[in-house]
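Dear colleague,

Please find the structure we discussed below. I should be grateful if you would read the notes beneath it with the model open.

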Amino acid sequence: MSTLVAALAATLLAGCTGGSEARVPEVAEVEALVAQAYGSRGDAAALCDLASSQGNCDVLLQEAGTAPTAQPEIVCTQPYEGHDNYTPGLLVRTVTDDGSGDDITHDTIAIDTPEGPKLMNVVYWVSSKVSDGNTTDDAIDFTC
C-alpha cells in the first residue's frame, strides 16, 4: 500500500501556494481528473501529466502492473484543510474492480497547482492512503 508518496508530494507542493490562500479543487474537477486518469491508463506520459509529482507517478507505475479495465468510481470526497507544510485539497476515495472480483480502494488528494488541479497519486489501481506526516503511520483518517 502506498502512503508515503502522497505525504512527500503534499509537502513539496505546499510551497506552490505562496502566501495566498490555496484553492481547493471542486468535485467536478476531480471527477474529470479521475476520468482522464482512466482514459490515460495505457499512456504513462499522459497519466503522469495529471499527477502533482511526475517523479512519484513514474515510481508508482514501475510497480503497478497493468491497469484493470474497470473504470474507477469515486465513492466519497472530503475536504482537507492542510496544516504546517501540507497544502489543503480534496481527499478522494475511488474503488475499482481489479478484474478478479476484488475491489481496489485508492485514496488520494486533489490539490490546486499553477497548472490547475492535479491528483497526488493518479495510479488508481494501486491501493493507497494519504499521509499528512513523514511516515505511513500518519495516514489521514478518511472515512466514507
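The notes that follow cover the conventions, then the disulfides, the salt bridges, the aromatic rings, one helix and some single residues.

**Conventions**

This is a predicted model, in which local features need pLDDT of at least 70 and side-chain atom pairs count only at pLDDT 80 or more, while totals for chains, interfaces and linings use all residues. Residues are numbered from 1 along each chain as its sequence is written, and side-chain values use heavy atoms, with hydrogens and water left out. Helices (H or I, at least four residues) and strands (E, at least two) are DSSP runs, numbered from the N terminus. Buried stands for under 20% relative accessible area, exposed for over 50%, and partly exposed for values in between (1.4 Å probe, protein chains only).

**Disulfides**

Two disulfides were found in a search of the whole structure, a disulfide being a pair of cysteine sulfur atoms within 2.5 Å. With bonded cysteines counted along the chain, their pattern is 1-2, 3-4.

Cys48 is bonded to Cys57, with the sulfur atoms 2.1 Å apart. The torsion about this S-S bond is about -80°, so the disulfide is left-handed. Both Cys48 and Cys57 are buried.

The other disulfide joins Cys76 to Cys144, with an S to S distance of 1.6 Å. This pair links distant parts of the chain, as Cys76 is in strand β1 and Cys144 in the segment after β4, 68 residues apart. Cys76 counts as buried at 14% relative accessibility, whereas Cys144, at 59%, counts as exposed.

**Salt bridges**

A salt bridge is taken as a side-chain nitrogen of Lys or Arg within 4 Å of a carboxyl oxygen of Asp or Glu. By this rule the count is three.

Arg93 and Asp107 meet through their side chains at 2.6 Å, N to O. Arg93 belongs to strand β2 and Asp107 to strand β3, so this salt bridge ties together parts that are 14 residues apart in sequence. Arg93 and Asp107 are both buried. Elsewhere, salt bridges that share partners join Arg23, Glu29 and Asp112 into one network.

Within that network, the closest N and O atoms of Arg23 and Glu29 are 3.1 Å apart, and those of Arg23 and Asp112 are 3.3 Å apart. Arg23 is in the loop between α1 (4–14) and α2, and Asp112 is in strand β3 (residues 103–113), so their salt bridge ties together parts that are 89 residues apart in sequence. The relative accessible areas are 35% for Arg23, 26% for Glu29 and 25% for Asp112; Arg23 is therefore partly exposed, as is Glu29, and so is Asp112.

**Aromatic rings**

Rings of Phe, Tyr and Trp (its six-membered ring) pair if their centres lie within 6.5 Å; planes under 30 degrees apart count as stacked, over 60 as edge-to-face and the rest as tilted. The structure holds one aromatic pair. In this pair, the rings of Tyr124 and Trp125 have centres 4.9 Å apart and planes at 85°, so the arrangement is edge-to-face. Tyr124 and Trp125 are both buried.

A charge sits over a ring if NZ of Lys or CZ of Arg is within 6 Å of the ring centre and within 35 degrees of the ring normal. Arg41 lies over the face of Tyr38, at 4.0 Å from the ring centre. Arg93, the salt-bridge partner of Asp107, lies over the face of Phe142, at 4.8 Å from the ring centre.

**Helix α4**

In helix α4 (residues 54–64), the residues Asn56, Cys57, Leu60 and Ala64 are buried. Seen down the axis of α4, its buried residues fall within an arc of 100°, so they line one face of the helix; the arc is that of the directions from the helix axis to the C-beta atoms. Just after α4, Gly65 takes a positive phi of about 75°.

**Single residues**

Ser128 is in the segment after β4 (116–119) and is buried, with a relative accessible area of 2%. The side chain of Ser128 makes a polar contact with that of His106, at 3.0 Å. A polar contact is a pair of N or O atoms within 3.5 Å; within protein, one must be able to donate a hydrogen and the other to accept it, and residues adjacent in sequence count only if both atoms are side-chain atoms.

Tyr86, in the loop between β1 (73–80) and β2 (89–97), is buried at 10% relative accessible area.

With kind regards
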